[in-house]
Structure formats: C-alpha cells, structure tokens
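Me: I've got this model open and I'd like a close look at one part of it. Could you walk me through chain B, and then show me how it fits with the rest?

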Amino acid sequence: MFNIERDGSEHRVLSYKDKNCVGCGICTEVCPTDSLRLGPTVPIARGLIEMDLVSVKEDSCAFCGLCSVACPFNALDLTIDDVSVKELDIYPQWDKGSEISDDCIYCGRCYEVCPQDSIIFKRELPDRSELVRGEIDIDDEKCIYCSFCADLCPAGAITVKNVPTASNDVVNNTIEVDVSKCIFCGVCKRICPEKAIREICATCMYNEEIEVPEVTGEVFIVDDTCVSCSWCAEICPKDAITIAKPFEGTLELNEIEADEKICKGDSCHACQDVCPCNAVEIVDGKAVTNLDFCNLCGACVTACPQNIREVSRTAMKLDNIKSKSWSEILDSLLVGK
Amino acid sequence: MAVKIDSEACGHIENCPVQGLCVKICEQGALIEENGDVTIVPEKCDDCDLCIQNCPNQAISKA
C-alpha cells in the first residue's frame, strides 16, 4: 500500500491498495513516465517474500492518473481535490461489473467458489417443522432409556439422559423429543423394544395444505475486490449472475519445442500461483487455462519463466477515452492496434 | 541441462535479500542449501527456469 501526493493548483493523491492488486502489471505498461514497478509476483504469491506487488517512484510520477484509469481491479486510485478520477466525467470509465438477479435462490454455490472471497452471503432456512406434520409422544412409564431411538434418529431430535448419579440413586433418567427437528419418520417407534413411542406422520395427508416456506437470504458481490473471473456466474444453477469482464480476447500457450520453451507443468506452476481467477489447472503436466474463468489480466504471462504464455486482448471495456495520447497508450494493451 | 550460478553475483544465502530465494522457489530440490551456500543438483533440475527468473541478483543462468 502506498499514498503519494502532490500539491499545486490541485491536490493530487495516488493511492495503491495491495489487497486489490492481482499483479497483472497493466499499470506498469501504461505509465508514461515509467514510474511504476511490478515486484516478483511468483515469490510473493507463494509467500516467500512479503512486499507489495507494485511500487512507485515518487520523484518521477506525474500524477496523471492513467494507471488508476487503466487498472481494472481498483488497486490504484488518483484523486484530484479528494475526488477519484473514476468519478469524474472527463476521465475514462470501465464498463464492467456484476449483477445478481431475483432468480437467485440463495444456494450459496457462488460464495463457495469465489476465489477472491468477494461474495457476501447469508440465508435463512425455515424450521424443519414448517415442512412436515405429525405427532410424537413418548410414554415415560414404559421407556427403559435404552437410547435405541436417540441413536437411530436421523434428525437428532431425541435426547436421552440415562446416567444415575450417586445423589439420586433411584432414577435420574429423562427422554425428550425436540419437535422442531422431528420429521415423523417413525424409526424410533419401530426400534423401541417397549412400544413406548406413539408417532403419527401426517405430512402426506396434508401435503397439499402445507405451504412450502420461502428460503430468504442476502447475496451481493463486493465490486471493489471482484476480479471478474465469472466463477460465480458459471456455477450458478439459476443463471442469476451476470459478470461483465474487462477484456475480450484469448490466452494461449505457445510452446517452442526447438528452443525447449515448453511448459513444465507441476514443477513450475507459476501461472497457477499468480492467477487471481483460479483459472489455471495443471492437466497431464501442462498448464491449462479455462477461458471461461480467465479475466485476461495477464498476470500469468509475466510470471511464466518460459515466457510462453500469450494474452491477446481484442477489446477492452474502457469507455469515454477523450485524450488521443491516452487512447494510443491504452490501445497498446490490445492486439493489432 | 540444469543451471549455473555466477558465484560473484550470488548472495550465497547470507547476503541474498531473501536468504536463498532460489532454494525456496525450486520445488524439485535441484537447488539446496549446503554449508551456507547454494548447491546445484543437476539431475533434479527440470529446466523450469523459475530460479533464473526470480533470482534477485540475476546470478543464475542456463548451464
């Protein structure tokens, strides 16, 4: 993390949040004064070195804000008189983001799969008792506290205490059914050696009348740390999530056998370690990138010691680029421009 | 093919900014620490070049 500032007719501050940085190096590529440096991404990703991914040379930084504009991951932010250039109409804006529709059923699969822990999720399931109907009763007089029922109960609804104590040498036994857990399956009744349990299931009989309660919840994507990998959107069984990625294009492994420039797979896995999207997997000794999950940031390209990974971006969703010189620099991130 | 280490440039663990980053980053065990210095075990090297790329002193190159 750094914060550098310059006072003039305007107060300009460039701040960097390492926690949002993926180590793609786009900022270093676009900086017109060559003031930003990308650190050793692989040792950092492996926890061998503790340092920020990006560092700045304060003396040469022109505080132009191009890095802040080009960073697709909210790691860099230039403010002018305390207003982020990302909020100013005259600066370019990313047309990327995420949306979760009302089709979400709060299954939570997106939350489990997000590689950046950028999804906030909670849900409220109804009580089991709201889904079933029935009656259960245990006759204390007949019960011998054998615990067959409690041990077999699939819902864990029965609690038996059957340890006599010295101070109460007669009996100190109890048996209780938690009706909020009981599903009236009848297992307890069938196993009871003393026929002490009376149980009736009425769920089927009232099937039509029992209203299925709603599962409620809350889910949202924290745009600040989301890296637009699309794992959530791909895994969502209800297609409720839309992710607009920052780039279009492809990423390839260009091995050159003659120069022995070949992927070493498991012995290297540098690409896998730096990938913020969890999009790389080593399959049969080679790194395979699933483009559905890749955001084309290019962090793996700089990390690859064989230099055989090539990202080809055909479009970037950065709109409202009014400056010709900025447009030229930003176009350099794309192929064929 | 393995790698070679330029003895003059190498920090020899003690003066390496990361106290032997090459040893730590090589998962093949081809670079090991021995008597306070880095030793190459050529038969274990897989030529992944991670050590070459990440040596803070640029002391490692192809043999």
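Here is a walk through chain B, followed by a look at chain A.

Reply: Sure. Keep in mind as we go that this is a predicted model.

Let's start with the fold of chain B. Its secondary structure amounts to two helices and four strands, and if you follow the sequence from the start you meet them in the pattern β-α-β-β-α-β. The chain has 63 residues, and a compact globule of that length would have a radius of gyration near 11 Å; chain B comes out at 10 Å, so the two agree. If you box in its C-alpha atoms along the principal axes, you get roughly 25 × 20 × 15 Å. As for the inside, 33% of the 63 residues count as buried. Take the contacts in chain B between residues at least 6 apart in sequence: 61% of them join residues at least 24 apart.

A good residue to click on is Cys22(B). Ignoring its neighbours within four places in sequence, Cys22(B) is in contact with Leu31(B), Val38(B), Cys51(B), Cys55(B) and Ile60(B). Cys22(B) also turns up in the largest nonpolar core, which has 83 residues; Cys22(B) and Cys51(B) are among those with the most contacts inside this core, along with Cys27(A), Cys271(A) and Val274(A). The element that gives the most to this core is in chain A: helix H3 (residues 66-70), with four residues. Apart from this core there is another one, of 14 residues, including Cys153(A), Ile175(A), Cys182(A) and Phe184(A).

Now turn to the loop between strand E2 (31-34) and strand E3 (37-40) of chain B, where you'll find Asn35(B). Asn35(B) isn't a glycine, yet its phi is positive, at about 50°. Is Asn35(B) buried or exposed? With 6 C-beta neighbours inside 10 Å, Asn35(B) counts as exposed, since the cut-off for that is 12 or fewer.

Chain A has a residue to set beside that one. Asn278(A), in the loop between helix H8 (270-274) and strand E17 (280-283) of chain A, has a positive phi near 55° and is a residue other than glycine. Asn278(A) has 17 other C-beta atoms within 10 Å, so it is classed as partly exposed.

Next, the place where the two chains meet. Chain B puts 14 residues into the contact and chain A puts in twelve. On the chain B side, helix H1 (21-25) and helix H2 (50-54) each supply at least two residues, and H2(B) gives the most, with four. Sorted by class, that side of chain B has six nonpolar, three polar and five charged residues.

Finally, some context on chain A itself. Its domain assignment gives domain 1 (2-91), domain 2 (97-125 + 215-244), domain 3 (128-201) and domain 4 (249-316). The C-alpha centres of domain 1 and domain 3 of chain A lie 65 Å apart. Chain A also has an open sheet of four strands, in the order E1-E2-E5-E6 and with antiparallel pairing. Strand E1 (2-7) and strand E6 (83-84) of chain A are at the edges with a single partner strand each, so one side of each has no neighbour in the sheet. E1(A) pairs with strand E2 (residues 11-16) of chain A over six bridges, in the antiparallel sense, and there you can see Arg6(A) standing opposite Arg12(A) in E2(A).

Key
Residues numbered from 1 in each chain as written. Chains lettered and ligands numbered in written order. Predicted model: local features only at pLDDT ≥ 70, side-chain atom pairs only at ≥ 80, totals over all residues. Contact = placed C-beta atoms within 7 Å. Nonpolar A, V, L, I, M, F, W, Y, C, P; charged D, E, K, R; others polar. Rg over C-alpha atoms; globule rule 2.2 N^0.38 Å. Buried ≥ 20, exposed ≤ 12 C-beta atoms within 10 Å, placed from the backbone. Domains from an automatic or database assignment. Pairing = 2+ DSSP bridges. Core = buried A, V, L, I, M, F, W, Y, C linked by C-beta atoms within 7 Å.
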